[in-house]
Amino acid sequence: LASVFTFSPAKTISEDRKKQVLQYGAFAVAVYLLMGLVDFVYYTGWFSIFISTISFSFGFYFLLEWRKKIAVDLKEDRRQETESEFDQARNKIETSYSVNIPYTYRYMGDVHTSWINIINVFRAVLLGGTPGSGKSFAILEEWIRQLIKKSFAGVIYDYKFPTLTKKTYNYTKWYSSNYPVEPKFYMINFDDPAYSHRCNPINIDSLKTIADAKENTKVLMMNINKTWIQKEGDFFSDSAMLFTSILMWYLKLVSKKYDYNVCSLPHLVALSTFESREILFLLFQEYRELKANMTPFNDAIENGALEQLAGQVASAGVALAKVSSPELDYIITGDDFSFDLNNPLAPKILCLGNNPDRQETYSAPLGLILSKLTKTLNRQNQAPSMYCVDEFPTIYIRGIDTLIGTGRSNKVA
């Protein structure tokens, strides 16, 4: 008794557990006293000694446990799974331009079915989550399915090709009858040209002015060297971009002059590595539109700063050489489809496949195509369209901020 009442443990116990051990301890003590009485009257020998020892041990242990203090702040729901539950809206609000994602949740011990109702998909949606959290499986795939079911055209950037492309192709086949005009399905697959369509993102029709060439050059260079995004204003990076834009516009002028199309990315890469730069600059001088942009290079030639000139030109050649491969050259020199994907008379669904192992090579032409589509999709009086980009940080898209800000009025989701 002295041990029990003087014991002061540091550990705590819950209130229910304290009541329970008190009952167990009282029962063990009662058995101990009863066996002592029986042994005194009838002398049962070793049997009563054994039972008395066991009951005394258990009684002593439970009474020591009973001496522990009650922890008033001890939570049974330590992860707050029950406390964080709340009732949610369970109605499905569906419109002609909505996306409704089904899900389940727990509340008051029961499992309920609910809906994520995205009523206006044209406001732009950013989907975030940790790797492996199920962003593509739970949300993006269902998003694409419902928009195709509702007759949307558009583009899907598939970083882990062909995960989304296969599903998009099947969705297009399933719901093609929902469109006023049956949509065409296209895909770009640089890994296997036999299973890819062809397109030229810098064809002569898309280059209206030299400003378009400069925009295309920025997209190319910043996808090849993403560190250049923070280096806008740097002398050598800006010189490389200016030189590349001059080359691109020169290819446009030559194609128009001789009525033979050489305005493509492979021709641009080949021209950037032309051995005689003196001949190249002399050719540029023949075109009035290029003279105004030749000033930095002409100054270097006149001042005899040939090393500086070589650095300016070599920066462009080295960067562009990274996006050269036979498969890529074949695919981006053709014109199997136009970029007006949301044309009501000829709707198209385009899937762009990337490869994590060849991201440095493929991101430049894919970024160029996606940047081009930010303008062609964002026009008035066109069919509703979607612009889906999986793993957005893996690619640089120029003009995406403008598309997000103004695409709502032109029904671009």
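Lys92 has a relative accessibility of 43% and therefore counts as partly exposed, since that value falls between the 20% below which a residue is buried and the 50% above which it is exposed. In this predicted model, the side chain of Lys92 meets that of Glu94 in a salt bridge, with 3.6 Å from N to O. Glu94, at 49% relative accessibility, also counts as partly exposed, because it has not passed the 50% limit. The two residues belong to a network of salt bridges that links Lys92, Glu94 and Lys150. Lys92 has an aromatic neighbour as well, for its charged end sits over the ring of Trp115, at 4.5 Å from the centre of that ring.

A charge over a ring is found again elsewhere in the chain, where Arg198 lies over the face of Tyr330 at 4.2 Å from the ring centre.

The salt bridge between Lys92 and Glu94 is one of several, and the count for the model comes to 11 salt bridges. Another of them joins Arg398 to Glu215, whose closest N and O atoms are 2.9 Å apart. This pair links distant parts of the chain, given that Arg398 sits in the loop between β8 (385–389) and α15 (400–406), while Glu215 belongs to helix α6 (residues 210–224), and the two are 183 residues apart. Glu215 has a relative accessible area of 29% and is therefore partly exposed.

A further salt bridge is formed by Glu360 and Lys322, with 3.7 Å between the closest N and O atoms. Because Glu360 lies in helix α14 (residues 359–376) and Lys322 in the loop between α12 (306–321) and α13 (326–331), this pair ties together parts that are 38 residues apart in sequence. Glu360 counts as partly exposed at 46% relative accessibility, and Lys322 counts as partly exposed at 32%.

Aromatic residues provide another set of links to follow, and here the count comes to 17 aromatic pairs. One of them is formed by Tyr32 and Phe56, whose rings are 5.5 Å apart from centre to centre, with 55° between the planes, which makes the pair a tilted one. The reason for that label is that tilted pairs are those whose planes are neither under 30 degrees apart, as in stacked pairs, nor over 60, as in edge-to-face pairs, so an angle of 55° falls in the remaining class. Tyr32 lies in helix α2 (residues 15–42) and Phe56 in helix α3 (residues 46–66), so the pair ties together parts that are 24 residues apart in sequence. Both ends of this link have some accessible area, for Tyr32 counts as partly exposed at 35% relative accessibility, and Phe56 is partly exposed with a relative accessible area of 46%. Elsewhere, ring pairs link Tyr24, Phe58, Tyr61 and Phe62 into a cluster.

The backbone also has some features that deserve a careful look. The peptide bond that runs from Phe161 to Pro162 is cis, with omega near 10°, and Pro162 is placed in the loop between β5 (153–158) and α5 (163–174). Asn381 is not a glycine, and yet its phi is positive, at about 60°; this residue is found in the loop between α14 and β8. With a relative accessibility of 72%, Asn381 counts as exposed, because the value is over 50%. Glu391, also a residue other than glycine, has a positive phi near 55°, and its place is in the loop between β8 and α15. Glu391 is partly exposed, with a relative accessible area of 29%.

These details can now be set against the chain as a whole, which contains 15 helices and eight strands. Of its 413 residues, 44% count as buried. Among the contacts between residues at least 6 apart in sequence, 71% join residues at least 24 apart. The accessible surface of the chain comes to about 23,000 Å², and 57% of that area belongs to carbon and sulfur atoms.

Methods:
Residues are numbered from 1 along each chain as its sequence is written. This is a predicted model: local features need pLDDT of at least 70, side-chain atom pairs count only at pLDDT 80 or more; totals for chains, interfaces and linings use all residues. Side-chain values use heavy atoms; hydrogens and water are left out. A salt bridge is a side-chain nitrogen of Lys or Arg within 4 Å of a carboxyl oxygen of Asp or Glu. Buried means under 20% relative accessible area, exposed over 50%, partly exposed in between (1.4 Å probe, protein chains only). Helices (H or I, at least four residues) and strands (E, at least two) are DSSP runs, numbered from the N terminus. Rings of Phe, Tyr and Trp (its six-membered ring) pair if their centres lie within 6.5 Å; planes under 30 degrees apart count as stacked, over 60 as edge-to-face and the rest as tilted. A charge sits over a ring if NZ of Lys or CZ of Arg is within 6 Å of the ring centre and within 35 degrees of the ring normal. Contact means heavy atoms within 4.5 Å. Accessible areas come from the Shrake-Rupley method with a 1.4 Å probe; for residues, only the protein chains shown count as cover.
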